[in-house]
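User: Could you take a close look at one part of this structure for me? Start with a single side chain and its charged partner, then work outward to whatever surrounds that spot.

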Amino acid sequence: MSRVRVVHVLPRLVPDGLENMMSHLVCSLARKRYEPSVVSLFGPVEGGLENALRSAGVSVFRLHKRRGFDPRMFGRLYRLFRDLQPGIVHSHNYVLRYTLPAATLAKVPVMAHTI
C-alpha cells in the first residue's frame, strides 16, 4: 500500500495555537499510511516549529513570501505541488488565496481548508 502525501500550508511556523495544533496533527499521523509535509509561506522564524517538525521526520518547505499580496506564491506552490504530487493539501488561515489556484492547476485530488 502506498502512502498518501499530505501537505499542510501555513503562513508561518510560529509556536502559536493553530501552528501547534497542526504540528501535533502532522507528527501524530500514522507514517505507514501518510507522508506529511509542511509548507511555510514565509521564511524561518526564530523559536519556531521547524526544528521539531524536522526531528519528527516531517519535510518542511519555506517559500520566502514578501509582506502583503505576493503573486510569486502561485508559481512556487504550483511547482511544489507538481513535484510532490500530494494526495491531500490542507491549508490554514489566509493562504487559501494562494493554495487553491496552485492545487487546482497541479490537479491535487483533495483539498481542505481551516480558518
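Analyst: Let's start at Arg82, which is partly exposed at a relative accessible area of 40%. Keep in mind that this is a predicted model. The partner of Arg82 is Asp83, and the closest N and O atoms of this salt bridge are 3.3 Å apart. Asp83 is the exposed one, with a relative accessible area of 56%. Elsewhere, Arg3, Arg5 and Glu35 are joined into one network by salt bridges that share partners.

Across the whole structure, the search turns up six salt bridges. As a rule, side chains of opposite charge can pair when their charged atoms come close. Another of these bridges links Arg72 and Asp70, with 2.8 Å between the closest N and O atoms. So how covered are these two? Is Asp70 buried or exposed? Asp70 is buried, with a relative accessible area of 2%, while Arg72 counts as partly exposed at 24%. Then there's the bridge between the side chains of Glu50 and Arg54, at 2.9 Å from N to O. Glu50 and Arg54 are about one helical turn apart, because they sit four residues from each other in helix α2 (residues 50-55). Glu50 is buried at 13% relative accessible area; Arg54 counts as partly exposed at 40%.

Now back to the helix that carries the pair we started with. The largest nonpolar core has 18 residues, and Phe81 is among those with the most contacts inside it, along with Val7, Val9, Val39, Leu41 and Leu77. At least two residues of this core come from each of β1 (4-10), α3 (72-84) and α4 (96-105). The top contributor is α3, with five residues. There's also a second, separate core of ten residues, which includes Leu18, Val26, Val38 and Val58. That fits a broad pattern: in soluble globular proteins, nonpolar side chains tend to be buried together.

For a feel of the main core, take Val7. Leaving out residues up to four places away in sequence, Val7 touches Ser37, Val39, Phe81, Leu84, Pro86, Ile88, Val89 and His90. Ile88, Val89 and His90 bring us to β4, the strand that spans residues 88-92. This strand is mostly covered, as four of its five residues are buried.

On one side, β4 pairs with β1 in the parallel sense over four bridges, and His8 stands opposite His90 there. β4 also runs parallel to β5 (residues 110-114), joined by five bridges. In that pairing, His90 stands opposite Ala112, and Ser91 has His113 as its bridge partner. So His90 turns up in both pairings, facing His8 and Ala112. Together with α4, the strands β4 and β5 make a right-handed β-α-β unit.

That helix also takes us to the rings. The count comes to three aromatic pairs. In one of them, the rings of Phe69 and Tyr98 have their centres 5.8 Å apart and their planes at 20 degrees, so they count as stacked. Why does this pair tie together separate parts of the chain? Phe69 lies in the loop between β3 (59-62) and α3, whereas Tyr98 lies in α4, so the contact joins parts that are 29 residues apart in sequence. The two partners differ in cover: Tyr98 is buried at a relative accessible area of 1%, but Phe69 counts as exposed at 52%. Phe74 belongs with them too, as ring pairs link Phe69, Phe74 and Tyr98 into a cluster.

One last stop is Val14, in the loop between β1 and α1 (17-28). Val14 is buried, with a relative accessible area of 17%; the cut-off for buried is under 20%, so Val14 makes it. Among residues beyond four places in sequence, Val14 touches Glu19, Val45 and Leu49. From Val14 to His24 is ten residues in sequence and 13 Å in space, C-alpha to C-alpha.

Conventions:
Residues are numbered from 1 along each chain as its sequence is written. This is a predicted model: local features need pLDDT of at least 70, side-chain atom pairs count only at pLDDT 80 or more; totals for chains, interfaces and linings use all residues. Side-chain values use heavy atoms; hydrogens and water are left out. A nonpolar core is a set of buried Ala, Val, Leu, Ile, Met, Phe, Trp, Tyr and Cys residues joined through side-chain atoms within 4.5 Å. Buried means under 20% relative accessible area, exposed over 50%, partly exposed in between (1.4 Å probe, protein chains only). Contact means heavy atoms within 4.5 Å. Two strands pair if DSSP finds at least two bridges between them. A crossover is right-handed if, with the strands pointing away from the viewer, the path from the first strand over the helix to the second runs clockwise. A salt bridge is a side-chain nitrogen of Lys or Arg within 4 Å of a carboxyl oxygen of Asp or Glu. Rings of Phe, Tyr and Trp (its six-membered ring) pair if their centres lie within 6.5 Å; planes under 30 degrees apart count as stacked, over 60 as edge-to-face and the rest as tilted.
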